[in-house]
Amino acid sequence: SDIPAELVADFVAAGPASYSVVLAELIALAAHHLRDVPPPRELAEGCLELAKTSPAVLSALLAEFERFQNHLTDIVVRRQKMRPDDEMAVLIAALALTAIRSGIERWTNGKPKDRDDTPMPYIERAAALVNSIFTK
């Protein structure tokens, strides 16, 4: 899902920051729609299961991940005032997307823990683990 332009503008306007701050804020930005309008667990489970058994679905899902990662990379480049080919921007975007994917996969493999049943606690935990790499 694309990120609303006004949220991207706010993220970019915050200006350059440490990589760990940018990564944490990028994960929150990229996962905004999962917080605001979380998918039903059954839908997410079904999509991931279908991707495991259908090469066409897997290919489409991977293409969407790549497109979204490129979008995240562009946002990081703009915020950090980097060159478009800066490898650090690509890595930050890849780590953000990996944390979100990991959180969603753990959520779909678990059992509902609260009445809201959203992937956000799992994504937030994955984000904290990824960010711990920068602080240890």
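The protein chain contains 7 helices and 0 strands. The structure is a predicted model. Read from the N terminus, the order of elements is α-α-α-α-α-α-α.

The overall dimensions were examined next. For a chain of 136 residues, a compact globule would be expected to have a radius of gyration near 14 Å, and the value of 15 Å computed for the protein chain therefore agrees with that expectation. Along the principal axes, the C-alpha atoms occupy a box of roughly 40 × 35 × 30 Å. Among contacts in the protein chain between residues with a separation of 6 or more, 74% join residues that are 24 or more positions apart.

With regard to the surface, 38% of the 136 residues in the protein chain are classed as buried. The exposed area of the protein chain is about 8000 Å², of which 59% is supplied by carbon and sulfur atoms. The chain carries 15 positive and 19 negative charges, and the mean positions of these two sets lie 6 Å apart.

Two residues of helix α2 were considered individually. Helix α2 spans residues 19-30 and includes Ala24; Glu25 is also found in helix α2. Ala24 has a relative accessibility of 32% and so counts as partly exposed, since this value falls between the 20% limit for buried residues and the 50% limit for exposed ones. For Glu25, the relative accessible area is 34%, and this residue is therefore likewise partly exposed.

Distances from these two positions to residues elsewhere in the chain were also computed. Ala24 is separated from Val90 by 66 residues in sequence, and the C-alpha atoms of the pair are 15 Å apart in space. Glu25 and Pro55 are 30 residues apart in sequence, with a C-alpha to C-alpha distance of 33 Å.

The surroundings of Glu25 were then described in terms of contacts. When neighbours within four places in sequence are left aside, Glu25 is in contact with Phe11 and Arg79. With Arg79, the side chain of Glu25 forms a polar contact that is made to the Arg79 side chain at 2.6 Å. Glu25 thus combines partial exposure, at 34% relative accessible area, with a side-chain polar contact to Arg79.

Conventions:
Residues numbered from 1 in each chain as written. Predicted model: local features only at pLDDT ≥ 70, side-chain atom pairs only at ≥ 80, totals over all residues. Heavy atoms only, no water. Helix = DSSP H or I, 4+ residues; strand = E, 2+ residues; numbered from the N terminus. Rg over C-alpha atoms; globule rule 2.2 N^0.38 Å. Buried < 20%, exposed > 50% of the residue type's maximum accessible area, 1.4 Å probe, protein only. Contact = heavy atoms within 4.5 Å. Areas by Shrake-Rupley, 256 points an atom, 1.4 Å probe, with all protein chains shown as cover. Lys, Arg positive; Asp, Glu negative; His and termini not counted. Charge placed at Lys NZ, Arg CZ, Asp CG, Glu CD. Polar contact = N/O pair within 3.5 Å; in protein donor to acceptor, adjacent residues only side chain to side chain.
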